[in-house]
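This report describes selected features of one protein chain for a reader who is new to structural work. Please keep the sequence and the three-dimensional view at hand while reading.

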Amino acid sequence: MKIELRQRFAKLVGAALLAVTLAAGGTALAQDCGGYRDQIVLAEGDWDSVLVHNAIASFILEEGFGCDTRAIPGSTIPTQQGMIRGDIDLIMEVWMDNLPDFTQEALDNGQIVNLGVNFGDGQQGFFVPRYVIEGDAERGIEPIAPDLRTVEQIAQYAHHFRDPEQPEKGRFFNCIIGWVCEEINTAKLEAYGLSDDFTNFRPGTGAALAASIERAYVQGEPWFGYYWGPTWVLGKYDMVQLEEPDYTEECWNQLMSHLDNPETACAYPPSVVNIMVNSEFAENAPAAVIEFLESYETTSQQVSDLLSYMQENDSLPRDAAMQFLESETDTWTSWLPDEVAQRVMEAL
């Protein structure tokens with residue numbers, strides 16, 4: 001009986017010591033985070049790429065810096081308004097070419113702070129599958145347009161992209177009907193002289209547009225149309241963006257002011273996606289945390305690959321984040337001090 005009591009006492013003491021040790025470790029990590037609020041609050045946007053970035057940043061903040069994080073869901077306008085009010089600390093994806101006037105005003109007056117580029121090579125334009133130009137020997141596909149480089153050149157290959165409803169023309173898959181890019185692409189077709197050679201097919205949904213690419217790619221058939229990145233489609237399928245006249249502000253303004261009767265057209269403006277925080281967070285969060293967020297930078301292709309991983313594996317943004325942290329070690333360790341990177345590595 002005495003032996004049993006001693007064993008039980010020893011277990012209780014051991015459990016107590018373990019609890020103290022864990023609590024001490026947790027306190028040390030919390031001190032690493034600088035005690036900023038109870039939590040770092042991220043904006044949980046309603047598109048997949050920002051959810052992946054949130055999951056990557058949250059894992060590093062929690063495991064590397066000992067911070068606690070949570071996310072507030074919402075679309076672009078309410079979450080940016082929340083950041084200005086101070087309800088949200090951090091937005092991992094702010095698309096600069098779609099910046100609302102009130103957000104620009106908040107940047108100008110210092111209510112929010114731009115920490116720099118998350119990725120600066122977002123894509124949108126006119127694409128064909130690579131096998132259209134180069135063929136695919138493994139699948140027995142011959143190239144049908146080996147000299148194709150520019151949008152103007154594709155007119156001579158229009159018969160390969162035959163529209164089943166108007167077989168005398170090729171089919172151009174436009175942006176989703178009702179989106180601004182649908183109007184812009186329609187004007188571009190006219191300005192590039194392609195309207196006589198291609199029908200302007202407007203899908204009803206993003207899923208329908210993606211499905212048209214997937215169907216063509218699986219069957220090895222020609223496809224010509226508009227798409228954008230980062231997306232799972234550009235991560236999964238090897239697509240070539242056709243060259244357009246270089247973007248200039250003058251050309252773009254001319255196009256946008258004459259969408260009904262375009263005289264000239266050019267490439268879309270570059271899509272730059274930045275990381276922003278509210279000013280209180282920028283001033284009071286630990287310097288190391290701000291430096292991490294300033295150093296955080298990815299590429300459109302990396303993000304497309306992660307979105308493709310989610311699509312192919314029917315997985316969640318956190319799963320894609322783990323895939324990134326395990327496979328892109330050289331990228332994310334460059335954002336961090338060695339000791340923080342080591343803690344993240346151990347947590348993985």
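## A threonine in helix 3

T79 is part of helix 3, which covers residues 76-85. The model is a predicted one, and the values below are computed from it. Is T79 buried or exposed? T79 has a relative accessibility of 7%, so T79 counts as buried, given that the cut-off for a buried residue is under 20% relative accessible area.

The side chain of T79 reaches the backbone oxygen of T76 at 3.0 Å. When residues up to four places away in sequence are not counted, T79 touches A43, I72, P73, G74, I88 and I91.

## An asparagine in strand 9

Strand 9, made of residues 271-278, contains N274. With a relative accessibility of 6%, N274 counts as buried.

Which side chain makes a polar contact with the side chain of N274? The partner is the side chain of N114, at 3.2 Å. N114 also appears in the list of residues in contact with N274, from which neighbours within four places in sequence are left aside. That list further holds I91, M92, E93, V94, M96, G116, V117 and N118.

## Helix 2 and helix 11

Two packed helices are described by the angle between their axes and the distance between the axes. Helix 2 (residues 48-65) packs with helix 11 (residues 287-295) at an angle of about 150°, and their axes are 12 Å apart. Angles over 145 degrees count as roughly antiparallel, and helix 2 and helix 11 are therefore roughly antiparallel to each other.

The crossing of helix 2 with helix 11 is right-handed. On the side of helix 2, the contact is made by A57, I60, L61 and F65, and on the side of helix 11 by A288, V289 and F292. Sorted by class, this contact has 7 nonpolar residues, no polar residues and no charged residues.

## Helix 2 and helix 15

Helix 2 also meets helix 15 (residues 338-347): the two axes come within 8 Å and cross at roughly 105°. Since angles of 65 to 115 degrees count as roughly perpendicular, helix 2 and helix 15 are described as roughly perpendicular to each other.

Which residues of helix 2 meet helix 15? They are F59, I60, E63, G64 and F65, and their partners in helix 15 are V340, R343, V344 and A347. The residues of this contact divide into 6 nonpolar, 1 polar and 2 charged.

## An arginine in helix 13

R318 is found in helix 13, which runs over residues 317-327. R318 is partly exposed, as its relative accessible area is 48%.

R318 and L51 are 267 residues apart along the chain, and their C-alpha atoms are separated by 8.1 Å. Not counting residues up to four places away in sequence, R318 touches A55 and F59. F59 is also one of the helix 2 residues that meet helix 15.

## Backbone features in two loops

Most residues other than glycine have a negative phi, and most peptide bonds are trans. The peptide bond that joins G229 and P230, however, is cis, with omega of about 15°. P230 lies in the loop between strand 7 (225-229) and helix 8 (232-236).

D314 is not a glycine, yet its phi is positive, at about 50°. D314 belongs to the loop between helix 12 (300-313) and helix 13. With a relative accessible area of 72%, D314 is exposed.

Technical notes. Residues are numbered from 1 along each chain as its sequence is written. This is a predicted model: local features need pLDDT of at least 70, side-chain atom pairs count only at pLDDT 80 or more; totals for chains, interfaces and linings use all residues. Side-chain values use heavy atoms; hydrogens and water are left out. Axes are lines fitted to C-alpha atoms, for helices over the stretch in contact, and angles run from 0 to 180 degrees between N-to-C directions. Helices (H or I, at least four residues) and strands (E, at least two) are DSSP runs, numbered from the N terminus. Angles under 35 degrees count as roughly parallel, over 145 as roughly antiparallel, 65 to 115 as roughly perpendicular and the rest as oblique. A crossing is left-handed if the near helix is turned anticlockwise from the far one by less than a right angle, and right-handed if clockwise. Contact means heavy atoms within 4.5 Å. Ala, Val, Leu, Ile, Met, Phe, Trp, Tyr, Cys and Pro count as nonpolar, Asp, Glu, Lys and Arg as charged, and the others, Gly among them, as polar. Buried means under 20% relative accessible area, exposed over 50%, partly exposed in between (1.4 Å probe, protein chains only). A polar contact is a pair of N or O atoms within 3.5 Å; within protein, one must be able to donate a hydrogen and the other to accept it, and residues adjacent in sequence count only if both atoms are side-chain atoms.
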